Amino acid sequence: MSLEAFADSRDLSLGVELELQIVNTQDWDLSPQAADLMRLMQGRRIPGDVKPEITRSMIELSTGVCSSHAQVVSELREIRGALLDAARRLDVGLSGGGTHPFQQWSRQRIYETPRFHQVSALYGYLSKQFTIFGQHVHVGCPSADDALVLLHGLSRYIPHLIALAAASPFVQGEDTGFHSARLNSVFAFPLSGRAPFVTRWEDFGVFFDKMARTGVVSGMKDFYWDIRPKPEFGTIEVRVLDTPLTIEKAAALAAYIQCLARWLRTERPHRLHEDDYLPYTFNRFQACRFGPEGTYVDPSTGEHRTLRDDILASFNRLEGHAIDLGAEAGLKLLRTELLDKGNDASWLRDVREREGLLAEVVRQQVLRWAG
Amino acid sequence: MDAWTWPQPPGPPGEVVWLAAVLVAGALMGEAIARTTRWPRVVGYTLAGAGAAAFGLHLSVPMPDTARWVIDLALALLLFEIGTRVHLRWLRHNPGLLATSLLESVGTAVAVYAVLLLLDLPPAVATAAAVLAVPASAAVAGRVALELGADGQVTQRMTHLTALNTLYGVLALIVFKGVQLADGAPGWWQQLLALGASSLGALVLAAALALAVARVARRLDLRHESAVLLLLGLVLLAVGAARWLGFSTLLVPLLAGLLLRNTTQRPWVWPRHFGTAGGVLVLLLFVYLGALWSPGLLAAGGAAALALVLARALAKGVVVMGLARWSGASTRQALALSITLTPLSAAALVMLGELWLALPALAAQVAPVLLTALVVLELLGPIAVQQAFKLAGELPADGREAR
């Protein structure tokens with residue numbers, strides 16, 4: 001199978017996907033009720049889409065193609081409203097967060113579709129351990145080459161995005177010490193990591209054909225990269241975000257990515273070089289482990305700063321673009337949260353500290369997601 | 001020198017030895033069933049009891065004191081637990097489910113009453129049997145779902161409908177006893193007053209239990225064995241007090257669970273059935289239920305019992321299936337749900353005991369019908385419930401959970 005053609009898309013358009021946790025309202029553990037939610041959502045008119053995911057206690061919602069932060073917020077609100085109606089009829093809770101804090105992965109059940117069973121057979125326990133919840137943001141690109149250039153430009157900001165969105169400190173009842181433990185599960189997959197350093201679609205096609213010839217991959221969906229091109233939509237897809245605890249935060253993260261993309265596209269602040277990836281995994285680890293307090297190594301200068309400082313600096317640089325894109329509200333939300341709690345992971349730890357019971361943490365997560 | 005004689009035991013073995021023997025037999029049969037079939041262990045517990053009854057050790061109603069205590073206490077734990085799993089706000093968000101709950105209970109009572117009248121039973125007997133047939137089995141439902149690790153809408157709805165129809169049944173019995181006692185007898189209003197007072201007393205006791213548990217939970221981690229024992233002690237104390245004061249031993253724990261769940265936001269997390277200690281009581285309960293049958297009873301109950309079982313299953317099925325769409329369930333789930341409601345409850349047995357205290361003559365007439373129905377359903381019930389969970393796709397992929 002060869003690489004599909006890169007579709008047309010509106011430059012800097014946004015699409016947001018959120019994987020949500022379905023929990024019971026009794027002990028607040030995950031509950032396999034995706035099919036029930038899907039049934040009740042049938043016939044509801046919503047922008048975008050709602051679909052099942054690999055384990056039955058997970059559901060994914062996606063917006064349509066949006067042009068602005070405001071549109072993302074309004075579409076997410078509408079979808080959330082419809083989902084909450086269905087959830088109330090079933091007495092289940094819906095929640096953000098990158099992991100469920102105390103679910104036992106061995107108890108998860110695979111959703112009934114041939115593809116999910118295939119994946120499950122191949123990856124074994126990894127696929128159940130993949131009961132993790134992420135936000136994906138698509139950014140529209142005018143051409144395939146532009147997409148690759150944007151992808152490698154954005155790669156520098158992967159640690160920033162991880163630190164801001166981190167919302168998975170707890171795994172199977174334990175505090176992992178990480179801000180985003182979810183990404184550790186992603187890194188276990190053989191084809192995770194970063195895309196190869198090529199900036200022309202033609203060269204990417206050569207790489208893809210070589211991989212396809214080895215029989216290791218059959219399509220783009222087999223790559224679990226942090227950012228990957230999505231030729232079918234004509235977008236690049238940022239995949240490192242934990243699902244935030246609120247839709248407002250999800251929309252704000254999309255707005256931040258949109259501003260970064262516009263800045264990178266119009267000002268070309270960095271000369272792309274493969275060596276930029278030398279500190280990549282170090283930076284990414286720091287972001288996962290320490291969140292905004294992590295160390296960021298500037299790929300160009302080798303300078304060390306805290307991620308918090310570098311994120312705040314990026315907000316300042318993006319101000320003009322945020323105004324042009326109508327994304328100021330989004331960036332303001334991120335800045336306020338960064339200066340106050342830090343991120344959702346810190347919020348979750350605070351609640352745990354106060355309440356001492358992870359089930360109560362999930363209950364409050366559900367309340368927050370309902371707005 | 002006198003000939004040596006085998007030392008004589010100082011007396012009969014006593015209750016403790018019998019209880020231990022019941023425990024061993026139940027546990028053995030439970031494991032045997034789990035090893036050789038894929039059925040829930042409760043089938044084995046019940047079979048152990050049924051086997052004992054076959055050798056003439058059957059349990060008759062009114063029950064001996066030990067059996068009554070064990071059943072009261074085990075049921076109290078199960079009812080308290082099921083009460084804490086009922087989220088009343090769900091009924092507000094899903095009126096279809098509230099309607100299902102009310103109509104399946106009323107429908108069951110009406111259907112059973114009508115069928116027994118057709119079979120020429122006296123109206124008072126038919127009414128009493130109809131009231132006792134309303135509750136589904138909290139014991140079977142809770143135990144089988146737990147053992148098999150069932151999870152999903154059917155499990156969730158079964159829990160709610162079972163807790164609620166048990167509540168309706170218990171309340172209906174109080175009213176029924178009131179009406180029967182009031183019927184023309186001198187001093188009837190005093191009887192009524194006493195009934196009212198005892199219902200109010202049950203409510204107060206339930207509130208006290210809920211409050212005590214909430215207090216304990218705030219200070220101790222309920223997932224720890226020692227805290228659970230304290231909790232267990234509180235529930236048993238409340239039920240002991242209820243029996244001593246003549247309140248319903250079903251109403252107090254059930255109401256306490258309901259109050260606890262619905263007046264506080266914090267999740268109530270503790271080991272199901274209160275860990276091992278509670279597990280022992282639940283096992284004994286199933287063995288005792290198994291021992292209820294005797295050939296004489298089956299002959300006396302006969303056709304009326306079978307008619308009761310069928311009418312009851314049909315009524316519950318028709319209502320649950322009929323309101324499936326409104327309540328947001330699929331047809332398959334509704335079918336599974338109506339099957340999970342068919343096992344007849346140990347609560348019915350305790351209710352029969354309560355009826356016996358107030359109206360022994362009437363209770364004696366109801367007993368054969370109700371007990372035969374119970375006997376028929378107690379072996380079939382858990383297996384049917386398991387199949388229902390399977391039908392609804394609510395069991396883990398490998399069919400059973402190692403717990």
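User: What share of the contacts in chain B with a separation of 6 or more comes from residues 24 or more positions apart?

Analyst: This is a predicted model. Chain B has 403 residues, of which 52% count as buried. Among its contacts with a separation of 6 or more, the share from residues 24 or more positions apart is 82%.

User: How many helices and strands does chain B have, and what is its radius of gyration?

Analyst: Chain B has 17 helices and zero strands. The globule rule gives 22 Å for 403 residues, and the chain comes close to that, so it is as compact as a globular protein of that length. Along the principal axes, its C-alpha atoms fill a box of roughly 85 × 55 × 40 Å. The radius of gyration of chain B is 21 Å.

User: Which elements of chain B give two or more residues to the side that touches chain A?

Analyst: The contact involves 16 residues of chain B and 20 residues of chain A. On the chain B side, five residues are nonpolar, eight polar and three charged. The elements giving two or more residues to this side are helix H4 (88-93) and helix H8 (153-182) of chain B.

User: Where is the kink in helix H11 of chain A centred?

Analyst: H11(A) covers residues 307-325. The kink is about 55°. Its centre is a residue on the buried list of H11(A), which also includes His321(A) and Ala322(A). That residue is Leu318(A).

User: What covers the buried residues of H11(A)?

Analyst: The buried residues include Leu307(A), Arg308(A), Asp310(A) and Ile311(A). Both helices and strands take part in the cover. Among the elements of chain A that provide it are H6 (158-165), H9 (247-267), H10 (280-290), E12 (295-297), E13 (304-306) and H12 (328-339).

User: Which residue with a positive phi follows H11(A)?

Analyst: H11(A) ends at residue 325. The residue after the helix has a phi near 70°. It is Gly326(A).

User: Is Arg268(A), with its positive phi, buried or exposed?

Analyst: Most residues other than glycine have a negative phi. Arg268(A) has a positive value, near 40°. It sits in the loop between H9 and H10 of chain A. With 11 other C-beta atoms within 10 Å, and a cut-off of 12 or fewer, Arg268(A) is exposed.

User: How many other C-beta atoms lie within 10 Å of Asp120(B)?

Analyst: Asp120(B) is not a glycine, yet its phi is positive, about 70°. The residue is in the loop between H5 (95-118) and H6 (123-132) of chain B. Asp120(B) is exposed, and the number of other C-beta atoms within 10 Å is 8.

Terms used. Residues are numbered from 1 along each chain as its sequence is written. Chains are lettered from A and ligands numbered from 1 in the order in which they are written. This is a predicted model: local features need pLDDT of at least 70, side-chain atom pairs count only at pLDDT 80 or more; totals for chains, interfaces and linings use all residues. The bend at a residue is the angle between axes fitted to the seven residues ending there and the seven starting there. Helices (H or I, at least four residues) and strands (E, at least two) are DSSP runs, numbered from the N terminus. A residue is buried if 20 or more other C-beta atoms lie within 10 Å of its own, exposed if 12 or fewer, and partly exposed in between; C-beta atoms are placed from the backbone. Two residues are in contact if their C-beta atoms, placed from the backbone, lie within 7 Å. Ala, Val, Leu, Ile, Met, Phe, Trp, Tyr, Cys and Pro count as nonpolar, Asp, Glu, Lys and Arg as charged, and the others, Gly among them, as polar. The radius of gyration is taken over C-alpha atoms; the globule rule is 2.2 Å times the number of residues to the power 0.38.
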